[in-house]
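Thanks for making the time this morning. Please have a look at the model before I start, and then I will take you through a few side chains.

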Amino acid sequence: MTTKNLTRIAILAAVYTAVSLALAPFSFANIQVRISEALTLLPLIWQPSVWGLTLGCFLTNLTGAMLGVNPTGMIDAAAGTAATFMAAVCTYHFRNRTIHGLPVLSILMPVIFNAVIVGIELGLLFFPGNAVTGSLICGLEVGAGELISVILGWFLIKALKRTEIFDKEE
């Protein structure tokens, strides 16, 4: 791990956290479009971004819980961060599996992991009397918001590919 990569990872985590917290009303709860999740497609072009995304998500969820803007509290620091980490790892590993040149499976990883894991987390917290139905409803809501974020992310990745920000030297 080079100093350059560590710096990029830290910057990525900071950007993810700053954007999430600046847009806190849209970043938490069951109906959310966490704009910073557009960054979850970075593993398509830069593997170390897995660590920056994971750290950024953890800091966002932890800080959001401490500030009271994250209604799920500290549980989200674990569950939400786990969802982001697993999605980022899978996004990287499936990046070369394409359909007509589009890495559909990679693009869907953040949607699937967040819909399932965060959906269950929210269902258990917000619908304790009917957690299964609550998890399904929350999962669909989170998944829809995540889909919006990764569509934005796809355009971001296409633009970043044309730069040398994430060159292959590392």
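I will go through the aromatic rings and then a serine, and please keep in mind throughout that this is a predicted model.

Let me begin with the rings, where a search of the whole structure turns up 1 aromatic pair. The partners are Trp51 and Phe85, whose ring centres are 5.6 Å apart, and because their planes meet at 35°, a value that is neither under 30 degrees nor over 60, the pair is classed as tilted. This pair joins distant parts of the chain, since Trp51 belongs to helix H3, residues 49-67, while Phe85 belongs to helix H4, residues 74-93, and the two are 34 residues apart. As for accessibility, Trp51 has a relative accessible area of 44% and is therefore partly exposed, and Phe85, at 29%, also counts as partly exposed.

There is another ring to mention, that of Tyr92, and here the charged end of Arg95 sits over the ring, at 3.8 Å from its centre.

Now to the serine, Ser135, which lies in helix H6, residues 131-161. Is Ser135 buried or exposed? Its relative accessibility is 14%, and with the cut-off for buried set at under 20%, Ser135 therefore counts as buried. A polar atom of the Ser135 side chain lies 2.7 Å from the backbone oxygen of Ala131. If we leave aside residues up to four places away in sequence, Ser135 touches Gly119, Ile120, Gly123 and Leu124.

Conventions: Residues are numbered from 1 along each chain as its sequence is written. This is a predicted model: local features need pLDDT of at least 70, side-chain atom pairs count only at pLDDT 80 or more; totals for chains, interfaces and linings use all residues. Side-chain values use heavy atoms; hydrogens and water are left out. Rings of Phe, Tyr and Trp (its six-membered ring) pair if their centres lie within 6.5 Å; planes under 30 degrees apart count as stacked, over 60 as edge-to-face and the rest as tilted. Helices (H or I, at least four residues) and strands (E, at least two) are DSSP runs, numbered from the N terminus. Buried means under 20% relative accessible area, exposed over 50%, partly exposed in between (1.4 Å probe, protein chains only). A charge sits over a ring if NZ of Lys or CZ of Arg is within 6 Å of the ring centre and within 35 degrees of the ring normal. A polar contact is a pair of N or O atoms within 3.5 Å; within protein, one must be able to donate a hydrogen and the other to accept it, and residues adjacent in sequence count only if both atoms are side-chain atoms. Contact means heavy atoms within 4.5 Å.
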